[in-house]
Amino acid sequence: MNMHPEAPINEAERLARVRELRALEETADHVLDHIVHMATQCFDVPMAMVSIVDEHRQWFLARIGVTVVETPRERSFCSEAIKGTTLFEVIDADRDERFESHPMVVGPPGIRFYAAMPLTTTDGLVLGALCIIDTQRRPPLTLRQASALAMLAKLVMIRIVNLRTQNYVDQPSGLLNRSRLEQDARILATAGKRARLVVIDALAPSYYDEVVRGIGLEFVGDLILSITVRLQGVVPPDLALYRVSPTRFAFLLPDETDPAPLCEDILACFETPVGTERIPVHTQVGIGVLPVGPQELIETDWLRAAIATADETRERGHGWRYHDPSRDHIQLRAVQVLNSLCEAVYGQDQLRLHYQPRIDLHTGACTSVEALLRWQHPTLGTISPGEFIPLAEKTALMRPLSLWVMEQAMRQVADWEAAGLHLRVAMNVSAIDLDSPQFAERMHTLLDRFGLDPRCFELEFTESALMRHPELVRTQLQRIRDAGVEVSIDDFGTGYSNWTYLRALPADTVKLDQSFMRDLSQPREQRLVRTIIDLSLELGYRVVAEGIETPDVLEQMRAWGCHEGQGYLFARPMPPASVPQWLSARG
Ligand code: C2E
Ligand code: MG
Ligand code: MG
């Protein structure tokens, strides 16, 4: 009988490695099952198992003849076996002072013989043991038998490594995956070490999706591989590279290393296109750096924080940035808002529409009103559409939200009509509303249901919405206009529209963005606004000036030929009940 008096070497690192295996705990593996079966046949024993010795328990990756799936680590045979790296045998368990009072020796199954071969990683950590158990007395294993058990234990380790690889390797990059990064960061934290997590956001996710849709998955595979190779060319080979999402890569940089030169190198290596020779692709790289240590890994949503930093850095073209914890509050608020959005959309009482009049600048008459969403959140208070619409647009909730607005707005027009008030209502529409024909169909159904003249209704789109899928948008807009509903381009002049494209767009009206009204004292601004108005008029659009706050601006807009205006000077957005009063007060 050999003895292993010491505790397992490197217990902390050993446990970290054991923790990585927990992902395998739930699923049975046929190969390991075969190995333990072979062990019972080969050694003629009723019980055999692959035991993993965890912090407080041993659990079984495969077992035969044993009904329980885990037992306490304390006083277990396997916890003794893993104190060394060679064969561990207990010949007469009932006469061995370490085990004679063990419940499985004294009671069922009545263990008499136990032999185990430690399961050792290539770097010498013992994760558990392949063990065979007999309830009969028997002599020690012969040399041949011992080496057979050692061979089986080797097979078990090969299988464990394979299983882990399946779980931790990303395809097609061949890099480690996000689960593995999370594990490795935890191991680092357990060891009390600090590091800097560097996340590289290589492509805008929307662009990635377009490539998937437009060029296909095979090319995307090549693209990811070429990004991987680029990264491997600059990131030192001793740092593990991870792919944490389709377009994002990461590594952990030791705390003492300055991230700046490496980040600069990474940015520089993406200055030339990636992809294939036939289809070169320009990346838009952003890098986020987040210091991580035991504290951060427990307290913060660290990976999300690093990813958000990288994303933002990419979007703003800032190259690389350290994570700014104050941004977390913004992120947190966004999550809160998003979480409550569903209830608001499908609930009854949180959302309302306010209406802001649009005035004919020459007659002074109110031509129409714009429906603007208002959200009264039960705990967060009033949330402005400028905050929640962009968030909703990232979710599947934007479409139902727009449909809700459409129905409310039409019902309002119908109510006003019934009260003898003839007003056109304009609603704001998001880019994704145009992605399916559902929106236009619903509009027709509702116009019918409320018995409305389509000319009572107007849709406002921003330039960016129109640029998304130009062809699809054009057909949808054409259908909408053919039905008699007016279409206007909102926030006009802030996008990147080219005039040739705009000229071909089926729209009736442009609404000059309110930012133009702010700085009209500068001659340069004046020239710019005038040019935009002139061009719009020449293209035959009806021109509406948004954000008119002062009589001077009103005068200017009138003089430059704008047809209509909207702004606080005339009225702020108001609840529907106030609209008739406001109109009659104006005469
Ligand atoms: P928008 O469509 O350009 O609406 C005009 C915004 O300017 C409104 O802000 C309005 O209250 C504000 N405004 C009007 N006159 C003045 C003025 O004289 N001075 C200033 N400083 N502001 C003025 P609001 O209601 O906060 O809406 C912001 C944006 O949210 C809207 O811009 C629109 O893009 C979006 N939005 C609002 N309701 C909806 C909706 O039902 N659906 C969609 N998709 N977007 C909406
Ligand atoms: Mg609008
Ligand atoms: Mg606007």
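# Close-up views of a predicted model

The structure holds six aromatic pairs. This is a predicted model, and the views below take its parts in turn.

**View 1. Phe88 and Tyr114 form an edge-to-face aromatic pair.** Their ring centres lie 6.1 Å apart. The ring planes meet at 70°. Phe88 sits in strand β4, residues 88-90. Tyr114 sits in strand β5, residues 113-120. The two residues are 26 apart in sequence, so this pair ties together separate parts of the chain. Are these two residues buried or exposed? Phe88 is buried, and Tyr114 is buried too. Both rings also belong to a cluster. Ring pairs link them there with Phe77 and Phe99.

**View 2. Trp320 and Tyr322 form an edge-to-face aromatic pair.** The distance from centre to centre is 5.7 Å. The angle between the planes is 65°. Trp320 has a relative accessible area of 17%. Buried means under 20%, so Trp320 counts as buried. Tyr322 has a relative accessible area of 37%. That value falls between 20% and 50%, so Tyr322 is partly exposed.

**View 3. Two arginines lie over the faces of aromatic rings.** Arg138 lies over the face of Phe113. The distance to the ring centre is 5.1 Å. Arg180 lies over the face of Tyr168. Here the distance to the ring centre is 5.8 Å.

**View 4. Strand β1 is largely enclosed by the rest of the structure.** This strand covers residues 47-53. How many of its seven residues are buried? Seven of the seven are, so the strand is largely enclosed. In a regular strand, side chains alternate between the two faces of the sheet. Both faces of β1 are covered. On one side are Met47, Met49, Ser51 and Val53, and these are buried. On the other side are Ala48, Val50 and Ile52, which are also buried.

**View 5. Strand β1 pairs with β6 and with β2.** Strand β6 spans residues 126-134. It pairs with β1 in the antiparallel sense, over six bridges. Which residue of β6 is the bridge partner of Met47? The partner is Ile133. Strand β2 also pairs with β1 in the antiparallel sense, over six bridges. Here Ser51 stands opposite Phe60 of β2. A hairpin joins β1 to β2. Three residues make that link.

**View 6. Arg57 makes a polar contact with Glu70.** Arg57 lies in strand β2, residues 57-64. Its relative accessible area is 18%. The cut-off for buried is under 20%, so Arg57 counts as buried. Where does the side chain of Arg57 make its contact with Glu70? It meets the side chain of Glu70, at 2.5 Å. Leaving out residues up to four places away in sequence, Arg57 touches Arg22, Glu25, Ile52, Glu70, Thr71, Pro72 and Arg73.

**View 7. Six strands form an open sheet with mixed pairing.** The strand order is β7-β9-β10-β8-β13-β14. Which strands are at the edges? They are β7, residues 176-177, and β14, residues 320-322. Each edge strand pairs on one side only. Helix α9, residues 259-269, lies across β8, β10, β13 and β14. The helix runs at about 150° to β14.

**View 8. Strand β13 pairs with β14 and with β8.** Strand β13 spans residues 286-292. Six of its seven residues are buried, and the strand is mostly covered. With β14, the pairing is parallel and runs over three bridges. Ile287 has Trp320 as its bridge partner in β14. Trp320 also appears in View 2, where it forms an aromatic pair with Tyr322. Gly288 has Arg321 as its bridge partner in β14. With β8, the pairing of β13 is antiparallel and runs over seven bridges. There the bridge partner of Ala195 is Val292 of β13.

**View 9. Gly495 lies in a loop between β20 and α18.** Strand β20 covers 486-492, and helix α18 covers 499-503. Gly495 has a relative accessibility of 29% and counts as partly exposed. How far apart in space are Gly495 and Ala268, C-alpha to C-alpha? They are 29 Å apart, and 227 residues separate them in sequence.

Technical notes: Residues numbered from 1 in each chain as written. Chains lettered and ligands numbered in written order. Predicted model: local features only at pLDDT ≥ 70, side-chain atom pairs only at ≥ 80, totals over all residues. Heavy atoms only, no water. Phe/Tyr/Trp six-rings, centres within 6.5 Å; stacked < 30°, edge-to-face > 60°. Helix = DSSP H or I, 4+ residues; strand = E, 2+ residues; numbered from the N terminus. Buried < 20%, exposed > 50% of the residue type's maximum accessible area, 1.4 Å probe, protein only. Lys NZ or Arg CZ within 6 Å of the ring centre and 35° of its normal. Polar contact = N/O pair within 3.5 Å; in protein donor to acceptor, adjacent residues only side chain to side chain. Contact = heavy atoms within 4.5 Å. Pairing = 2+ DSSP bridges. Axes fitted to C-alpha atoms, helices over the stretch in contact; angles between N-to-C directions.
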